[in-house]
Amino acid sequence: MSLKPLDEVLDNYTGLSRKALQYGLVTKSIVEGPAKAPGFSAASWAPLAELIAVEEFERIGNFKEVMNWSEYVGFLTAWASSATWDCSFKRVTEGGNTVFLELEERSTVGDFNSVVNSVSVYEFTEAGKVRHVDVYLQMAMPEGDMFGSYEGVTISG
């Protein structure tokens, strides 16, 4: 399977698949830019919020942690200020109001570097806003301070 940057495949997609790809592109642009600048805050995620049904949003993450939009923005803000993140496109599948997006994700947090295969399942409202995301990962066992960004987050067993 040939991996490509999200911006190279975006124009090949429309509808909800395109919106799921935009979610990744907006996240990347914030992590690379505003997250490393003075004054970065939860408000800096406004471009991502434009894609989200913020009142009903729920994300179930890597460790089955459940976050609403406010909690997720707090998590993203803490993570993005000290992380690098990039991804490559594998494939996307859309059915009804659901999109399955497969990526290879690369990140660095402190001394911890990871490369994971991810599947994010996006559920959309009738208005085309993300209301729910489930994240599934294939990864090597983490070491070091990778879990530091999860401080205060309840992880299910």
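**A sheet with helices packed on it**

In this predicted model, helix α2, which covers residues 15-32, lies across the strands β3, β4 (98-109), β5 (112-124) and β6 (130-138), and runs at about 180° to β3. Helix α4, made of residues 69-80, also packs on the sheet, where it touches β1, β2, β3 and β4, and its direction makes about 105° with that of β2.

The sheet on which these helices rest is open and has 6 strands, arranged in the order β2-β1-β6-β5-β4-β3 with mixed pairing. Its edge strands are β2 (66-68) and β3 (83-95), each of which pairs on one side only, and from one strand to the next the twist averages 20°.

Following the sheet from the β3 edge, one finds β3 and β4 running antiparallel and joined by 12 bridges, with T93 having F100 in β4 as its bridge partner. These two strands form a hairpin with 2 residues between them, and G96 in the turn has a positive phi of about 60°. Strand β4 is in turn joined to β5 by 12 bridges, again with the strands running antiparallel, and here the bridge partner of V99 is Y122 in β5. Another hairpin, with 2 residues between its strands, is formed by β4 and β5, and G110 in its turn has a positive phi of about 60°. Of the 12 residues of β4, 9 are buried, so this strand is largely enclosed by the rest of the structure.

At the other edge, β1 (residues 58-60) and β2 run antiparallel and are joined by 3 bridges, and E58 has N68 in β2 as its bridge partner. The loop between β1 and β2 contains K64, which has a positive phi of about 65° although it is not a glycine. Most residues other than glycine have a negative phi. K64 is partly exposed, its relative accessible area being 47%.

Turning to the interior, nonpolar side chains in soluble globular proteins tend to be buried together. The largest nonpolar core in this model has 39 residues, of which Y23, W45 and Y122 touch the most other members; the elements giving two or more residues to this core are α1 (6-9), α2, α4, β3, β4, β5 and β6. Beyond its neighbours within four places in sequence, W45 is in contact with residues including T27, I30 and V31, as well as W69, V73 and L76. Among the buried residues of α2 are Y23, T27, I30 and V31. Helix α2 itself has 18 residues and reaches 26 Å from its first C-alpha to its last, close to the 26 Å expected at 1.5 Å a residue.

Technical notes: Residues are numbered from 1 along each chain as its sequence is written. This is a predicted model: local features need pLDDT of at least 70, side-chain atom pairs count only at pLDDT 80 or more; totals for chains, interfaces and linings use all residues. Side-chain values use heavy atoms; hydrogens and water are left out. Two strands pair if DSSP finds at least two bridges between them. Helices (H or I, at least four residues) and strands (E, at least two) are DSSP runs, numbered from the N terminus. Axes are lines fitted to C-alpha atoms, for helices over the stretch in contact, and angles run from 0 to 180 degrees between N-to-C directions. Contact means heavy atoms within 4.5 Å. A nonpolar core is a set of buried Ala, Val, Leu, Ile, Met, Phe, Trp, Tyr and Cys residues joined through side-chain atoms within 4.5 Å. Buried means under 20% relative accessible area, exposed over 50%, partly exposed in between (1.4 Å probe, protein chains only). The expected span of a helix is 1.5 Å times one less than its number of residues.
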